[in-house]
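Student: I've got a protein model open and a pile of labels I don't quite trust. Can we go through some of them together?

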Amino acid sequence: MKSKYMILGAVLMTGLGGCKKFLNETPTAHLSTSSFYKTSDDAVRAVTDAYRLMKDQAYGGYSPSSFGDIMSDDANKGGGGASDQGLIQQLKIFTAKADNGYVYNAWRDNFKGIYLANLVLQKVPAIAMDDNLKKRVLGEAQFLRGYYYLQLVRLFGRVPLVTTPLENGDFNVKQSESPQILAQIEADANAAIGSLPTKSDQATTDRGRATKGAAQALLLETYMWEKKWTEAQQLGDQIITSGQYTLAPDVTQIWTLAGEFGPESIFEVNNENIPGKGVGNLLNLFDAPRNTWGYGFTVPSESLVKEFEPGDPRLHATAIFDKEKLSDGTVADGSTSETGYWNKKYWLPTSQIPTNNGGGAGDGPTNDRVYGLAQVMLWTAEAAFQNGNALHATELVNQIRARARQSGGNTDNSILPAYGTVTLANIYHEMRVETALGEHRRFYELVRTGRAAALLPGFKVGVNEHVAIPLTEIQLSGGVLTQNPGY
């Protein structure tokens with residue numbers, strides 16, 4: 001079941017103008033700060049508003065899957081051919097320039113999220129309200145600001161560091177270097193850790209809001225980028241042993257509707273089929289096979305399919321094969337796929353397709369999984385390996401493999417044998433097959449670990465670690481913003 005609270009949030013989003021309108025207009029709740037931010041209800045509504053930029057907007061806004069999946073070796077663009085969403089193909093082959101619309105959308109939407117979080121952090125402290133609720137609201141805003149800045153620093157590198165709402169005339173802020181941005185994310189994540197409830201203390205109706213574990217996972221990912229291996233291992237082990245999370249018994253069910261907010265879920269973006277409210281997941285439509293109800297984007301690459309070991313149940317939870325009989329009784333037709341495969345992570349059985357349930361094409365119900373225990377365990381394993389603790393790294397990776405071996409109805413205990421002592425290559429392999437096409441992180445992980453140039457055709461070291469700063473932003477700044485190298 002979806003969260004009742006997030007349905008309330010959905011009504012709020014529409015009341016503020018709806019998702020599509022928001023991309024072009026300031027939300028009405030923030031047009032007059034003299035009349036808003038007066039009550040605890042205002043505070044909660046304001047921070048709820050700041051969550052919605054986390055949604056994958058596909059065509060109309062920031063699209064994490066286009067950068068994290070398609071720019072990597074996990075997926076081809078797909079769709080109806082090379083000219084269908086050609087701007088994404090530019091990303092894929094590393095020819096995207098400063099006027100690429102997807103690049104601009106990523107900049108715009110993440111800074112909008114930061115603006116909304118900054119408004120909360122500026123205005124809510126003065127509201128007379130329950131202290132515990134105020135603490136939670138401010139903690140959520142700090143988590144969100146850190147999350148949006150992580151998106152920006154991974155994509156653009158040098159970006160303006162803005163921690164208060166910008167007023168008219170103050171918009172041209174010089175870029176800060178990546179280490180400064182990462183330090184701010186650390187500060188925000190640490191503040192949020194001290195303010196947010198644990199998963200077990202969070203009300204069921206608040207699912208989809210950040211928790212202490214979500215903030216810890218954000219901090220852990222930041223440590224991984226900073227190569228703070230000691231801190232990363234310590235923090236990862238804290239999350240693992242917190243008693244808040246356990247691996248789900250069947251990895252093949254995590255990305256289904258029944259698997260949402262499961263035992264290993266740390267943070268996910270709550271989407272819902274509520275007709276007319278614009279709170280659905282466009283990726284259900286965007287990535288569905290073209291010969292069904294979808295557009296057929298983000299198709300699994302041959303490289304990804306070959307990465308899976310023989311018999312690994314995770315393969316058929318990631319890729320749909322031509323002529324495969326699916327759980328709803330339909331038979332897949334891969335003939336119109338660029339690679340012959342379709343994306344399983346956002347596939348819906350016929351009974352769950354929103355247009356069959358009174359919804360519109362954009363009302364997909366699948367949650368976006370952002371942080372889960374398996375990814376935390378694999379980051380912790382990598383940090384432990386870097387710290388010289390291969391034994392601990394091996395234990396963690398083997399737990400992931402054992403769970404996979406027992407998933408999907410598999411009865412062959414010879415598959416996915418336990419590692420004796422893991423290598424970094426083993427850890428990277430598990431990261432790829434465990435979360436491919438689901439957490440939209442592969443491109444960034446290749447950059448972070450220095451493997452992008454060897455695996456991605458056209459990738460230029462010193463250039464393609466980041467995308468271009470949007471041309472319109474440089475022009476509007478009067479030259480205050482400067483372009484990234486190579487663009």
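Tutor: Sure, and keep in mind that this is a predicted model. Let's start with Glu268: its side chain has a polar contact of 2.6 Å with that of Ser265.

Student: What makes the link between Glu268 and Ser265 a polar contact?

Tutor: The distance is 2.6 Å, and the cut-off for N or O atoms is 3.5 Å. Glu268 has another polar contact, with the side chain of Asn367, at 2.9 Å. Glu268 itself belongs to strand E4, residues 265-269.

Student: What is the nearest side chain of opposite charge to Glu268, and how far away is it?

Tutor: That's Arg369, 4.0 Å away, and Glu268 is buried yet has no salt bridge. Arg369 is still among the residues in contact with Glu268, and so are Gly208 and Phe261.

Student: Which pair does make a salt bridge, then?

Tutor: Try Asp188 and Arg145, whose side chains meet at 2.8 Å, N to O. Asp188 is in helix H8 and Arg145 in helix H7, 43 residues apart, so the pair links distant parts of the chain. The pair counts because a salt bridge needs a side-chain nitrogen of Lys or Arg within 4 Å of a carboxyl oxygen of Asp or Glu. Both Asp188 and Arg145 are buried.

Student: How do you know that Glu307 and Arg432 form a salt bridge?

Tutor: Their closest N and O atoms are 3.1 Å apart, and that is inside the 4 Å limit. Glu307 lies in helix H12 and Arg432 in helix H15, so this pair ties together parts that are 125 residues apart in sequence.

Student: Why is Glu307 called partly exposed, and is Arg432 buried or exposed?

Tutor: Glu307 has a relative accessible area of 25%, which falls between the 20% and 50% cut-offs, so "partly exposed" is the label. Arg432 comes out at 4%, and under 20% means buried.

Student: What about Asp322 and Lys323?

Tutor: They form a salt bridge too, with the closest N and O atoms 3.3 Å apart. Asp322 is partly exposed at 34%, while Lys323 is exposed at 59%. There's also a network of salt bridges that share partners, including Glu264, Arg401 and Glu434. By this rule the count comes to 29 salt bridges.

Student: How many aromatic pairs are there?

Tutor: The count is 14. In one of them, the rings of Trp107 and Phe111 have centres 5.1 Å apart and planes at 55°.

Student: Why is the pair of Trp107 and Phe111 called tilted?

Tutor: The planes are at 55°, and tilted covers what is neither under 30 degrees nor over 60, so the label fits. Both residues sit in helix H6, four residues apart, about one turn of the helix, and both are buried.

Student: What makes Lys345 a charge over the ring of Trp255?

Tutor: The charged end of Lys345 sits over that ring, 3.9 Å from its centre, and the distance limit is 6 Å. Arg401 likewise lies over the face of Tyr419, at 4.2 Å from the ring centre.

Student: Last one: how do you know that Ser407 is buried?

Tutor: Its relative accessible area is 0%, and buried means under 20%. Ser407 is in the loop between helices H14 and H15, and it touches Pro249, Asp250, Val251, Thr252 and Pro313, not counting residues up to four places away in sequence. The C-alpha atoms of Ser407 and Thr252 are separated by 6.4 Å, although the two are 155 residues apart along the chain.

Terms used. Residues are numbered from 1 along each chain as its sequence is written. This is a predicted model: local features need pLDDT of at least 70, side-chain atom pairs count only at pLDDT 80 or more; totals for chains, interfaces and linings use all residues. Side-chain values use heavy atoms; hydrogens and water are left out. Helices (H or I, at least four residues) and strands (E, at least two) are DSSP runs, numbered from the N terminus. Buried means under 20% relative accessible area, exposed over 50%, partly exposed in between (1.4 Å probe, protein chains only). Lys and Arg count as positive and Asp and Glu as negative; His and the chain ends are not counted. A polar contact is a pair of N or O atoms within 3.5 Å; within protein, one must be able to donate a hydrogen and the other to accept it, and residues adjacent in sequence count only if both atoms are side-chain atoms. Contact means heavy atoms within 4.5 Å. Rings of Phe, Tyr and Trp (its six-membered ring) pair if their centres lie within 6.5 Å; planes under 30 degrees apart count as stacked, over 60 as edge-to-face and the rest as tilted. A charge sits over a ring if NZ of Lys or CZ of Arg is within 6 Å of the ring centre and within 35 degrees of the ring normal.
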